[in-house]
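Grab your viewer and work through these exercises on helix packing, sheet pairing and ring contacts. Try each task before you read its solution.

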Amino acid sequence: MYVPFGKDTLQKLSLIAFAQAMLAMMGDKRKVVRFYPTELIIPTFRHRFMDGVLELDDGVLINIEFQTGDLTEKFLLRCAQYAVNLRVISRKFVETSIISTGNRNKSKLIAFISKFFIFKPKIFFYSEYDGLEILNNIKDKIENKKKLTLLDHYYLVFIPFMGNVNQVEVAFEVFRIADNRELFSADEQSEIKKCQYVVAQIVANGNENLFNRFWEIIMSNNDFLVRYEENLIRETTENVTQQVTEQVTRDVSRNIAKNFKDILSDEEIAKRTGLSLETVKGL
């Protein structure tokens, strides 16, 4: 049995790998300078963590929040609280962008306004992007031997959640594209595939036969598992707080180990994932 990750995990992994592309998807041409701490150390907030905070080249902080499903007033008010307190702590100008898998018409869109503060986040819905058109553009680039951009790499992860697509069919297509070693460097392929690994679990939605078919494509690169772990540890160490690093690394390693229990020996799994032999045996 595989243990599925959720969309929140996918969004945070993708932010680590494709922060600059995520800005491009939003139509923002500014550059990411660094990842900013996501913990709000305020007693009344009980040390809450924002999904992601980027510092841009103009000195602005952008808080990117992810919402699975439609937006609610409660969620948006919480984002407003994040923005206010991040502004107080950092003394920097703060913007908020929200990326949702929900539907704009079903979401409650509000502006939080006070005497000193106006909260008007930029909101993006994957359903409003034409996934089929984006996929065809990528396929045209490949056919004409044009280099794919970082934004194209990002789209290869999220096209299955966009509008105008058959989710399962498109998932197979983007997984096969990412498996082409002639199109990507080893590091590029690893960044895409570590996110697609989570996409496969979300799209399979508990259907193990379907997930296993996805798995065969994603894991066909024999070096991917090792690079998957190495890159994840390196990137999270460089870009996010230690708390997030430890949690994401532990969850990914344990999940991969579970999927290989029927294929590899406990010793080989421990060697490849970095988990202790005792931990692998206990899974």
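Two strands count as paired if DSSP finds at least two bridges between them; strands (E, at least two residues) and helices (H or I, at least four) are DSSP runs numbered from the N terminus. This is a predicted model, where local features need pLDDT of at least 70, side-chain atom pairs count only at pLDDT 80 or more, and totals for chains, interfaces and linings use all residues. Residues are numbered from 1 along each chain as its sequence is written, and side-chain values use heavy atoms, with hydrogens and water left out.

**Exercise 1.** Work out how strand 4 and strand 5 pair, and place them in their sheet.

*Solution.* Start with the pair: strand 4 (residues 52-56) and strand 5 (residues 61-67) run antiparallel, joined over 4 bridges. Leucine 54, for instance, has isoleucine 62 of strand 5 as its bridge partner. Next, zoom out: the sheet is open, with 5 strands in the order 1-4-5-6-9 and mixed pairing. Strand 1 (32-35) and strand 9 (122-125) each have a single partner strand, so each is an edge with one side lacking a neighbour in the sheet. From one strand to the next, the twist averages 25°.

**Exercise 2.** Classify the packing of helix 4 against helix 6, then of helix 3 against helix 4.

*Solution.* First, the yardstick: axes are lines fitted to C-alpha atoms, for helices over the stretch in contact, and angles run from 0 to 180 degrees between N-to-C directions. Under 35 degrees is roughly parallel, over 145 roughly antiparallel, 65 to 115 roughly perpendicular, and the rest oblique.

Helix 4 (residues 150-158) and helix 6 (residues 186-204) sit at about 20°, axes 9 Å apart, and are therefore roughly parallel. Contact means heavy atoms within 4.5 Å. On that basis, His153, Leu156 and Val157 of helix 4 meet helix 6 residues including Ile192 and Val199.

Now helix 3 (residues 131-143): its angle to helix 4 is about 130°, with axes 10 Å apart, which makes the two oblique. Ile134, Ile138 and Lys141 of helix 3 touch Asp152, Tyr155 and Leu156 of helix 4.

**Exercise 3.** Describe the geometry of the ring pair phenylalanine 175 and phenylalanine 214.

*Solution.* Rings of Phe, Tyr and Trp (its six-membered ring) pair if their centres lie within 6.5 Å; planes under 30 degrees apart are stacked, over 60 edge-to-face, the rest tilted. That rule gives 9 aromatic pairs. For phenylalanine 175 and phenylalanine 214, the centres are 5.1 Å apart and the planes 85°, hence edge-to-face. Finally, locate them: phenylalanine 175 is in helix 5 (residues 167-178) and phenylalanine 214 in helix 7 (residues 208-218), 39 residues apart.
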